Amino acid sequence: MSKDSLVSLIDVKKSFGNNHVLNGLNIEIPKHKISFIIGRSGEGKSVTLKNIIGILKPDSGEVWIDGFKMNDANEAKWNEARKKIGILFQDGALFDSLNIFENISFPIQNHLKMSLKDMETEVEKLLDIVGLPGIQNKYPPEISIGERKRVGLARALALKPQLLLYDEPTTSMDPLVSDLIDNLIYNTQKNLDGITSVVVSHDITSVMNIAEYIFLLHKGKIYFHGTAQEFASSKDELVRQFLTGGRKGPLEVPIA
Ligand SMILES: Nc1ncnc2c1ncn2[C@@H]1O[C@H](COP(=O)(O)OP(=O)(O)OP(=O)(O)O)[C@@H](O)[C@H]1O
């Protein structure tokens, strides 16, 4: 893997029965940038993410994280690697029965030895980063969906990860909340030194707002990769169709 990339997937294949989802996928996630993995529904974006965090293992090919080949890693080694990775799940994945302090400090309690007082200071800092100071004693059902995402991000940042993964962060959000989430991803990337962000999405507005590097997944492979500018100015018919959402083009559009 190249020294400029934090995660590499090399010639990864993954099938479920006859469904060949990843078909020789090559991805090198550049360090210290916001990369988007985009593609139509069902193209294998989540399967790609799951291979990166080791929830799914490839049938063949290599997975590298921060210079370590993970294919033969045991669970202990995966747990070490996962400490470097913060994940923001679609709905924030908060525990409703725990308050915000308990939700955010959950990974700290599980992985680090920290006094209650230090943990309180840490949670206070994390809530400041995501722009929600002082809500430690609230419960998830008492806050909005956008706020839950912010709390989910605070929790994803708790172990000071090198890699932040966002799984469809703006799906089913109204445009204003989507814009807030885009800003949050952008500001987190800019304000935290050395972080690398990967966003799985099919929200083309988000892509054009904040992506620095783009991987377009199609038929189990990376069809296009390049900077946001290269993506926007591409003359490739399939890229253009994805960008404009048009019905005419090489992508088959299901008849509604
Ligand atoms: N654990 C699994 N077992 C069997 N099939 C699976 C499994 N996980 C994913 N698949 C299949 O792999 C394909 C890709 O799924 P995936 O969720 O990665 O798509 P996606 O690009 O993330 O789609 P979306 O944008 O709709 O979330 C689908 O056909 C799905 O049914």
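**Exercise 1. Confidence in the model.** Determine which element of the protein has the lowest mean pLDDT and which the highest.

*Solution.* Among the elements of this predicted model, helix α2 (residues 75–83) has the lowest mean pLDDT, 86, and β2 has the highest, 96. Next, consider the protein as a whole: its mean pLDDT is 89, and 94% of its residues reach 70 or more. Finally, for the complex, the predictor gives an ipTM of 0.97 and a pTM of 0.88.

**Exercise 2. The open sheet.** State in what order the four strands of the open sheet stand, and explain why β2 and β5 each have one side without a neighbour.

*Solution.* Step 1: the order of the four strands is β2-β1-β4-β5, with antiparallel pairing. Step 2: β2 and β5 (68–69) are at the edges and each has a single partner strand, so one side of each lacks a neighbour in the sheet.

Step 3 takes the pairs in turn. Strand β1 (residues 5–16) is joined to β2 by nine bridges in the antiparallel sense; Leu-9, for instance, has Ile-27 in β2 as its bridge partner. The hairpin of β1 and β2 has two residues between the strands, and in this hairpin Gly-17 takes a positive phi near 60°. The pairing of β1 with strand β4 (residues 60–65) is also described as antiparallel, over five bridges. Here Ile-10 is opposite Glu-62 in β4, and Lys-13 has Ser-60 in β4 as its bridge partner.

**Exercise 3. Strand β3.** Determine how many residues of strand β3 (residues 34–38) are buried, and to which strands β3 pairs.

*Solution.* Step 1: five of the five residues of β3 are buried, so the strand is mostly covered, with a residue counted as buried if 20 or more other C-beta atoms lie within 10 Å of its own. Step 2: Ile-34, Phe-36 and Ile-38 point one way, whereas Ser-35 and Ile-37 point the other way. Step 3: β3 runs parallel to strand β8 (residues 196–201), and five bridges join the two; Ser-35 stands opposite Val-198 in β8. Step 4: β3 also pairs in the parallel sense with strand β9 (residues 213–218), over four bridges, and Ile-37 has Phe-215 in β9 as its bridge partner.

**Exercise 4. The nonpolar core.** Identify the residues with the most contacts inside the largest nonpolar core.

*Solution.* The largest nonpolar core has 56 residues, and Leu-126, Ala-154 and Ile-214 have the most contacts inside it. To follow one of these, set aside residues up to four places away in sequence: Leu-126 then touches Ile-104, Ala-154, Leu-157 and Ala-158. As general background, nonpolar side chains tend to be buried together in soluble globular proteins.

**Exercise 5. The shell around the ligand.** Find which element gives the most residues to the shell around the ligand, and describe the shell by class.

*Solution.* Step 1: list the surrounding residues, which are Phe-16, Asn-19, Val-21, Gly-39, Ser-41, Gly-42, Glu-43, Gly-44, Lys-45, Ser-46, Val-47 and His-202. Step 2: assign elements. Both β2 (19–30) and α1 (45–53) supply at least two residues of the shell, and α1 gives the most, with three. Step 3: sort by class, which yields three nonpolar, seven polar and two charged residues.

Terms used: Residues are numbered from 1 along each chain as its sequence is written. This is a predicted model: local features need pLDDT of at least 70, side-chain atom pairs count only at pLDDT 80 or more; totals for chains, interfaces and linings use all residues. A residue is near a molecule or strand if its C-beta atom, placed from the backbone, lies within 6 Å of it. Ala, Val, Leu, Ile, Met, Phe, Trp, Tyr, Cys and Pro count as nonpolar, Asp, Glu, Lys and Arg as charged, and the others, Gly among them, as polar. A nonpolar core is a set of buried Ala, Val, Leu, Ile, Met, Phe, Trp, Tyr and Cys residues joined through C-beta atoms within 7 Å. A residue is buried if 20 or more other C-beta atoms lie within 10 Å of its own, exposed if 12 or fewer, and partly exposed in between; C-beta atoms are placed from the backbone. Two residues are in contact if their C-beta atoms, placed from the backbone, lie within 7 Å. pLDDT is the predictor's confidence in each residue, from 0 to 100. Two strands pair if DSSP finds at least two bridges between them.
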